[in-house]
Amino acid sequence: VKTKLRKIQGYLEKGIVGAFIQSLIWRFKHLYQKDWPEISLSSTELPHRKQLASVVTASMDDIQSVLEIGCAAAPNLRLVRQKLPSARLVGIDINQQAVKTANDYFKSVGDDKTKCFARKAHQLSIFEDSTFDVCFSQAVMVCPPPPDFIRAVKEMLRVTKGKIIFNEYHQDGATEGFFDAGRWVYDYTSVFKKLSPEAEVTMQKTDFSGGGWDDYGKLITVSLSR
């Protein structure tokens, strides 16, 4: 039954309801899991977060600005701040309560160079072209169906001048994306070959484990030629 329901969900997301289902799940997560924002904020000890922060901050010699897509309550940005004490850090997330939790935390520690906004992954119009040295996401791009995924990637390309880093699901040959166990899987090499042919795409093993991460999880670095 669960398998059939997942297939129906994938069909609906790809062609009829789009990202509506996933948007509802994450926009209101704090209502059905009331302590989720606080759990998110304090989850800095998870190995995959530490790995991601290390890759993000080591991706360039001089990083002055960083954007996270789907920051939740910003545990990743907390780790990035430890490594980049003077950079401008920005996060966006669909969940307004998580964004508030993040902003309240950074205000409480006197960090006026970090700011989070309530936005969807493709809603980056508040940022000008080539604003950020590095843009990254973790377990976020597994949610949007193909049309919204491509919109988000195009916007990430527009606002980023250095590197884009994804800790997401990847499968060679998944050029149109496919739905597996409630998550979308994409071929990042193929996507960037079409959208930014000059970009260099490299991959490594992610420390994110369990479930689909064991099958599809990759830490992907896209180096842009600007």
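Reader: Which residue in strand 3 is the bridge partner of Val90?
Author: Happy to start there, and please keep in mind that this is a predicted model. Strand 2 and strand 3 run parallel and are joined by five bridges. In strand 3, the residue paired with Val90 is Lys115.

Reader: Through which helix does the chain cross from strand 2 to strand 3, and what is the handedness of this crossover?
Author: The chain leaves strand 2 and reaches strand 3 by way of helix 7, residues 96-108. This connection is a β-α-β crossover, and its hand is right-handed.

Reader: In what order do the seven strands of the open sheet lie, and which strands stand at the edges?
Author: The seven strands make an open sheet with mixed pairing, in the order 3-2-1-4-5-9-8. An edge strand here has a single partner strand, so one side of it is left without a neighbour in the sheet. That description fits strand 3 (114-118) and strand 8 (200-204).

Reader: Which residue of strand 2 stands opposite Ile69?
Author: Strand 1 (residues 65-69) and strand 2 (residues 88-93) run parallel, with five bridges between them. Opposite Ile69, in strand 2, stands Ile92.

Reader: Which strands does helix 6 lie across, and at what angle does helix 6 run to strand 2?
Author: Helix 6 covers residues 75-83. It lies across strand 1, strand 2, strand 3 and strand 4 (132-138). Its angle to strand 2 is about 170°.

Reader: Is helix 5 parallel or oblique to helix 6, and why?
Author: The axes of helix 5 (residues 47-57) and helix 6 are 9 Å apart, and the two helices pack at an angle of about 50°. The contact includes Leu52, Ala53 and Val56 of helix 5 together with Leu79 and Val80 of helix 6. Its residues divide into six nonpolar, three polar and three charged. Because of the packing angle, helix 5 is placed relative to helix 6 as oblique.

Reader: How many residues in the contact of helix 8 with helix 9 are nonpolar, polar and charged?
Author: Helix 8 (residues 146-159) and helix 9 (residues 188-195) pack at about 60°, their axes 11 Å apart. Helix 8 passes helix 9 in a right-handed crossing. Phe149, Ile150, Val153, Lys154 and Leu157 of helix 8 meet Tyr188, Val191, Phe192 and Leu195 of helix 9. The division is eight nonpolar, no polar and one charged.

Methods. Residues numbered from 1 in each chain as written. Predicted model: local features only at pLDDT ≥ 70, side-chain atom pairs only at ≥ 80, totals over all residues. Heavy atoms only, no water. Axes fitted to C-alpha atoms, helices over the stretch in contact; angles between N-to-C directions. Helix = DSSP H or I, 4+ residues; strand = E, 2+ residues; numbered from the N terminus. Left-handed = near helix turned anticlockwise from the far one by under 90°. Contact = heavy atoms within 4.5 Å. Nonpolar A, V, L, I, M, F, W, Y, C, P; charged D, E, K, R; others polar. Pairing = 2+ DSSP bridges. Right-handed = clockwise from strand over helix to strand, strands pointing away. Parallel < 35°, antiparallel > 145°, perpendicular 65-115°, else oblique.
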